[in-house]
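Open your viewer, switch on a cartoon view and keep the selection box handy. We will go from stop to stop, and at each one you will hear what to select and what is there.

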Amino acid sequence: MRYALIGCGRVAPSHITAARNNNLHIAALCDTDPQPHLQLDDVPMFANYRDMLREVQPQLVAIATPSGLHAQMALDCLDAAAHVIIEKPMAMNLADAAKIAEKAQATGLVVGVNLQNRFNPAVQRLKQAMDTGRFGRIFNASMQLQWHRGDDYYNSAAWRGTHAQDGGVMMNQSIHGIDLLNWMMGADPVQVKAFRSTLVRNIEAEDLGLAVLSYPCGALASLQCSTLRYPAIQEQVLEFNGERGFVRLGGSCAQVIEAWRFDDNSPDEEARMCREFGQSPAHVYGHGHSLHYADVLRAIATGTQPLINAEEGMRALKIILAAYKDA
């Protein structure tokens, strides 16, 4: 399958590794920067993605550009009869996200939204415990993202931290954790109350955001999102507390099981789970890209939907936009 990548910045190597791990033919790269972070021998580099679509006619395109460009690029790729993998967020507003979902349905093409942390092994085990009812009734949950993003990060590109092209810590960095929390809850919240501030960084959007989500079952969940972590370490924590169980995932991207306690635990189950899922990945992107690509390719081959299709990609986006509106 002919594959192309639009956007050759920070996350591009993870996409190329995923493409290679899934035996895709890397037919083209595209970036407006004449010296992008990623260049491959014998792979043509385009500066204009529409030229690339016309000349290469890729069958699958991954979009890893500034967030404000995702929606139009995805629509153009679908118009060019290409399946699409879109980096998060899939769009900056729900109207554009809905257009992507509608066009994918109309064309029969597959859209996969890159919320790859759903494929973290620890997350998969937590989802299994949730779906098999080990928690019983869920009372409360929380997602804490405490990362450090300094001035050098935001100054590296003019689009970073802007409302139109990026959003703040809730839209950019925290969307993965918000997606995981909401996926585990099995329903969308009925109410979102939020606060956000820009305390330190010279950006339009927030570097600190807090929210409380109210779910149909009566459970409450809290979000604490910050790019001001001191010292400069990266930590993302998910906690779920129910009538018969409690689980805490930690590490840089909710990859590490730190607590695993259920009424029906076997004698050594918690120690075994913490040992088996005790290693944090080397970077905050985790190792889910290859599994996400494999799932998208499975959907293409079988004419079904991937785990994180356009509709699923919209769920966390709705929460973040509701938090922005309330704040």
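Is Asp151 buried, partly exposed or exposed? Select it and show a surface: with a relative accessible area of 41%, Asp151 is partly exposed. Please keep in mind during the tour that this is a predicted model.

**Stop 1: from Asp151 to its partner**

Now add Arg201 as sticks. The side chains of Asp151 and Arg201 form a salt bridge, with 3.5 Å from N to O. This pair joins distant parts of the chain, 50 residues apart: Asp151 belongs to helix 6 (residues 151-155), and Arg201 to the loop between strand 8 (191-197) and strand 9 (208-214). Unlike its partly exposed partner Asp151, Arg201 counts as buried, at 13% relative accessibility.

**Stop 2: a network of charges**

The Asp151 pair is not alone, as a search of the whole structure gives 20 salt bridges. For the next view, select Arg118, Asp179, Asp188, Glu312 and Arg315, which are linked in a network of salt bridges.

Zoom in on Arg118 and Glu312. Their closest N and O atoms lie 2.8 Å apart, in a salt bridge. Follow the backbone from one to the other and you will see that the pair links distant parts of the chain: Arg118 sits in the loop between strand 6 (111-114) and helix 5 (121-131), while Glu312 is in helix 10 (residues 310-326), 194 residues apart. Arg118 is buried, at 0% relative accessibility. Glu312 is also buried, its relative accessible area being 19%, because the cut-off for buried is under 20%.

Stay on Glu312 and bring in Arg315. Here too there is a salt bridge, with the closest N and O atoms 3.5 Å apart. What separates the two along helix 10? Arg315 and Glu312 are 3 residues apart, about one helical turn. An α-helix has 3.6 residues a turn, so residues three or four places apart point the same way. Arg315 is buried as well, with a relative accessible area of 14%.

**Stop 3: the open sheet**

Hide the sticks and return to the cartoon. Look for an open sheet of 6 strands, paired in parallel and ordered 3-2-1-4-5-6. Strand 3 (45-46) and strand 6 are at the edges; each has a single partner strand, so one side of each has no neighbour in the sheet. Within the sheet, strand 1 and strand 4 pair in the parallel sense over 4 bridges. To see one of these contacts, select Tyr3, whose bridge partner in strand 4 is Leu60.

**Stop 4: helix 1 and what covers it**

Next, select helix 1 (residues 12-21), where Ala12, Ser14, His15, Ile16, Ala18 and Ala19 are buried. Among the elements that cover these buried residues are strand 1 (2-6), strand 2 (25-30), strand 4 (60-63) and helix 9 (289-302). Just after helix 1, pause at Asn23, which takes a positive phi of about 60°.

**Stop 5: the largest pocket**

Finally, select Arg10, Ala64, Thr65, Trp159 and Arg160, the residues nearest the centre of the largest pocket among the 45 that line it. This pocket holds about 920 Å³ of space. Colour its lining by residue type and you should find 19 nonpolar, 18 polar and 8 charged residues.

Methods: Residues are numbered from 1 along each chain as its sequence is written. This is a predicted model: local features need pLDDT of at least 70, side-chain atom pairs count only at pLDDT 80 or more; totals for chains, interfaces and linings use all residues. Side-chain values use heavy atoms; hydrogens and water are left out. A salt bridge is a side-chain nitrogen of Lys or Arg within 4 Å of a carboxyl oxygen of Asp or Glu. Buried means under 20% relative accessible area, exposed over 50%, partly exposed in between (1.4 Å probe, protein chains only). On a 1 Å grid over the protein atoms alone, a cavity is a set of points where a 1.4 Å probe fits but cannot get out, and a pocket is an open set with protein on both sides within 12 Å along at least five of seven lines; lining residues have an atom within 4 Å of a point. Grid points are joined across faces, edges and corners, and a volume is the space filled by probe spheres set on the points. Ala, Val, Leu, Ile, Met, Phe, Trp, Tyr, Cys and Pro count as nonpolar, Asp, Glu, Lys and Arg as charged, and the others, Gly among them, as polar. Contact means heavy atoms within 4.5 Å. Two strands pair if DSSP finds at least two bridges between them.
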